[in-house]
Amino acid sequence: MLFSHKMSRLALATCFAMGVALPASAADTASDIRGQITGPAGNAVSDAKITIIHQPTGTITEVPVTANGQFSARGLRVGGPYIIKVDSDQFADTVEEDVYLLLGETFRFNRTLEDASAMERIGVVGSAGYYRSAGSNSDFGEQDIANAPGISRDLKDVLRQNPMAVVGTDGVSMSVAGMNPRYNTFVVDGISQNDDFGLNSNGYPTQRSPISIDAVESVALNVSPYTARNGGFTGAQINAVTKSGTNDLSGSVFWETTNDSMAGDGKNQDTGEKIEQDFEETTFGGTVGFPLIEDKLFFFGSYENFDAPQSAEWGPAGAGYANDSDITADELAQVEQIAQTVYGLDSIGGYTTTPQEKDEKILAKIDWNINEQHRASFTYQSTVGNLTNNMSSSSSSLKLSSTWYDKEETLETYAANLYSDWTDDFSTEIKVAYKDTTTKSKTIDDLGIGMVSVQTYDRASDYVVFGTDKSRQANELNNQNLELRFVGDYYLGDHEIGFGAQYNNVEVFNLFAQNVTGNWSFNTIEDFENGAVDQFFYSNAMSGNPDDVGAAFNMDTLALFAEDAWAITPDLTLTYGMRYETISMSDSPALNQNFVERYGFANNETLDGQDIWLPRVGVNYKLTEDISLHGGVGRYTGGSPTVWVSNSFSNDGNSLLSYNDGWNAAWGTPDFANVPSQAQDGLVGGDGNVNAIDPDFELPSDWRASVGFDSTWDLGALGDDWFVGAEFLYVKKENDLAWVDLARRQVATDDTGRVVYETWDPLANDGAGGNTERYDIMLTNADKDGSSKTFSLSLAKN
């Protein structure tokens, strides 16, 4: 027979882990084992004792079985290998070796003991490599991570092995099941590593991956985990746990490099001439683990450093750069000469500067076996990196190094986890985590002046640009996130009753104000020499302190959850539960009375008081030794970028004022380091563009339903241990997000059915109404909610 069923030891472990396990939670940092021990006649064995040994650290966990032969062990270290011993006075003992646990899984360990006259049995039931689920929930162990192809040293290279995960053409964003990449959540050792503010396309709070891939023990990707323990995402949850020290000294080192000598030659597309390339990237680092106290206290650390000098891709025409600007070397020399003789600037920056892009990752972890009932871990993480921006990217402008800037991001996190078994039936997990992220813009060659643009000649549309970029003159983001989490588990016969609470506090300071140190443009080089300003822009707070424009607010989220994992039979598990989340905010945007008169409602609405109920039901059934089925339905919310809320604080129409009268010739030749006091005195505002939240806004959510199977097969001549799996996922949006420009109104519908809008301000023309250049944006819910259907099929060979 071509297709014959055969359950290998590895496949058995996989089926238990993938087919019957609860999917990993976004905040899970450990794994569980649950099972039932029966005798030869199928009767429950009530006198057995289960001993679980984590071989690398010597950690021993002992649990008795209940009257019906069931047992549970929670809070176990991820990975392995483990030894599981079943000791019975009535029946023959059994020992299973090389058991590996994946992140957040409930490993099913059901065993039938033989008569006492039989020999003790030793079996191998697990391996470092696992088959992975075909669809919305996948786990990847240490070997999977090490074997994943990729050059970016990013966990996305591992996760994209899941058929629903797609890395975008930008190489850094990842969409799962077609959903917005910014709705994903990423957790390391229980610490949220999301880009909470939502400005980075990679989804991280740093320019590159915040964690060294060599430090990761296991990572899980879940789209529809049907457990009430999970929250904070409407995309996918990505949950990673780092390695731990063991009783043995272990470590690794690596060094990687690439440069122009390892790449092909570039050619001018017009002339065919060879273009000299100049680039280099170097990454090095390592890991180390060792015992501080054997069998008791362990340390693990990792370090990674990335360095890449940058150079301009555009230069003056004829300067030998890969791309020629429309500005000639002579025109640039004129601008430099005038800047020195007329404006007293010894330098305006250049195009030969080579800024450095850097990234440094540090991680330190302590694991402590307090005693047989309690285990703790502490993780510290620091990541600092930058990305050089605003270099010339077209022929129409030559941006000098005084307008280039580094976007520098700093991440620092702390997490403490305590796992406790208080009785044979009751265990708890407590977590305290804190994350601090800072984003700053640093001009490469900072001259201490505003932005200056000089057009080479009238209507040339070619500019030499120097000075601090208009959008970097006041640009800073600070974001702190505190998380407290408690989870309790009580075992009552066939039921594992879980309950808990989670509290998150996010504090945000966002400063973004353009032109606060001035922005001058000149129509020609001659005008630049004569000090004849064409356009002048200036904005600031009334106080003259740009920090007063910053948005500062905090948001608290409280989640309560309870669920029951009911082992109906040794092969069938039903999980059902409810999660409740509520948001509170003590801060609100400044009220803009003009907005109230214009639209009839206030602009200071927040998410304060918003709440939502999130029911979930999931089922796992081991149909045969080779085939397992899984499915469920649930509701999910969260993961929306904080910037959407912050916009209401930053754009209240009151805080940022503008000078609108242009440059006054009576002010004389500009001093680019100082804005005239007359411009500060001439600031006007109070009726600027506004971002607001709909007073009737409801929290967006997803309803998700899925059904799938995982199986292993022997395919005859093609070999055994083939994994075949499939899953169908349906997602229905509820109260989906939408943005509306309130300064637009519908005036007609054309013959094709398209709606025609016009700009409209009801306060214009002394209240008579009229067209406007305003744009007042409101965050609201969509009139119609969308849905998606995804089908995935996987085939894998061990």
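**Exercise 1. The pair Glu758 and Arg745**

Determine which interaction joins the side chains of Glu758 and Arg745, and where the two residues lie.

*Solution.* Step 1: the side chains of Glu758 and Arg745 meet in a salt bridge, with N and O 2.8 Å apart; the term denotes a side-chain nitrogen of Lys or Arg within 4 Å of a carboxyl oxygen of Asp or Glu. Step 2: Glu758 belongs to strand 45 (residues 755-759) and Arg745 to strand 44 (residues 744-749), so the pair ties together parts that are 13 residues apart in sequence. Helices (H or I, at least four residues) and strands (E, at least two) are DSSP runs, numbered from the N terminus. Step 3: Glu758 is partly exposed at 24% relative accessibility, and Arg745 is partly exposed at 36%. Here buried means under 20% relative accessible area, exposed over 50%, and partly exposed in between (1.4 Å probe, protein chains only).

The model is predicted: local features need pLDDT of at least 70, side-chain atom pairs count only at pLDDT 80 or more, and totals for chains, interfaces and linings use all residues. Residues are numbered from 1 along each chain as its sequence is written, and side-chain values use heavy atoms, with hydrogens and water left out.

**Exercise 2. Salt bridges in the whole structure**

State how many salt bridges a search of the whole structure finds, and describe the one between Arg153 and Asp214.

*Solution.* Step 1: the search finds 39 salt bridges. Step 2: in the bridge between Arg153 and Asp214, the closest N and O atoms are 3.1 Å apart. Step 3: Arg153 sits in the loop between helix 2 (142-147) and helix 3 (156-159), and Asp214 in the loop between strand 14 (191-192) and strand 15 (216-222), so the pair ties together parts that are 61 residues apart in sequence. Step 4: Arg153 is buried, with a relative accessible area of 12%, whereas Asp214 is partly exposed at 21%. Step 5: another salt bridge links Lys156 and Asp154 (3.8 Å, N to O); both of these residues are buried.

**Exercise 3. A buried acid**

Identify the side chain of opposite charge nearest to Glu331, and the residues that Glu331 touches.

*Solution.* Step 1: Glu331 lies in helix 4 (residues 329-341). Step 2: Glu331 is buried yet has no salt bridge, and the nearest side chain of opposite charge, that of Arg459, is 15 Å away. For charges, Lys and Arg count as positive and Asp and Glu as negative, while His and the chain ends are not counted. Step 3: apart from residues up to four places away in sequence, Glu331 touches Asp326, Thr456 and Ile525, where contact means heavy atoms within 4.5 Å.

**Exercise 4. Two loop residues**

Are Asp248 and Pro149 buried or exposed, and what does each one touch?

*Solution.* Step 1: Asp248 is found in the loop between strand 16 (237-242) and strand 17 (250-259), and Asp248 is exposed, with a relative accessible area of 52%. Step 2: beyond four places in sequence, Asp248 touches Gly289, Phe290 and Pro291. The C-alpha atoms of Asp248 and Pro291 are separated by 6.8 Å, although the two residues are 43 residues apart along the chain. Step 3: Pro149 lies in the loop between helix 2 and helix 3 and is exposed at 57% relative accessibility. Step 4: leaving aside neighbours within four places in sequence, Pro149 contacts Asp157 and Arg160. From Pro149 to Gln161, twelve residues apart in sequence, the C-alpha distance is 9.8 Å.

**Exercise 5. The surroundings of helix 7**

Establish how many residues of helix 7 are buried, and which strands they pack against.

*Solution.* Step 1: helix 7 (residues 643-650) is mostly covered, with seven of its eight residues buried. Step 2: the buried residues are Val643, Trp644, Val645, Ser646, Ser648, Phe649 and Ser650. Step 3: they pack against strand 32 (495-512), strand 35 (551-569), strand 40 (691-693), strand 43 (737-741) and strand 46 (777-781).

**Exercise 6. The chain as a whole**

Count the helices and strands of the protein chain, and give the share of its residues that is buried.

*Solution.* Step 1: the chain has nine helices and 47 strands. Step 2: of its 798 residues, 54% count as buried. Step 3: residues 24 or more positions apart account for 72% of the contacts with a separation of 6 or more. Step 4: the C-alpha atoms fill a box of roughly 105 × 65 × 55 Å, taken along the principal axes.
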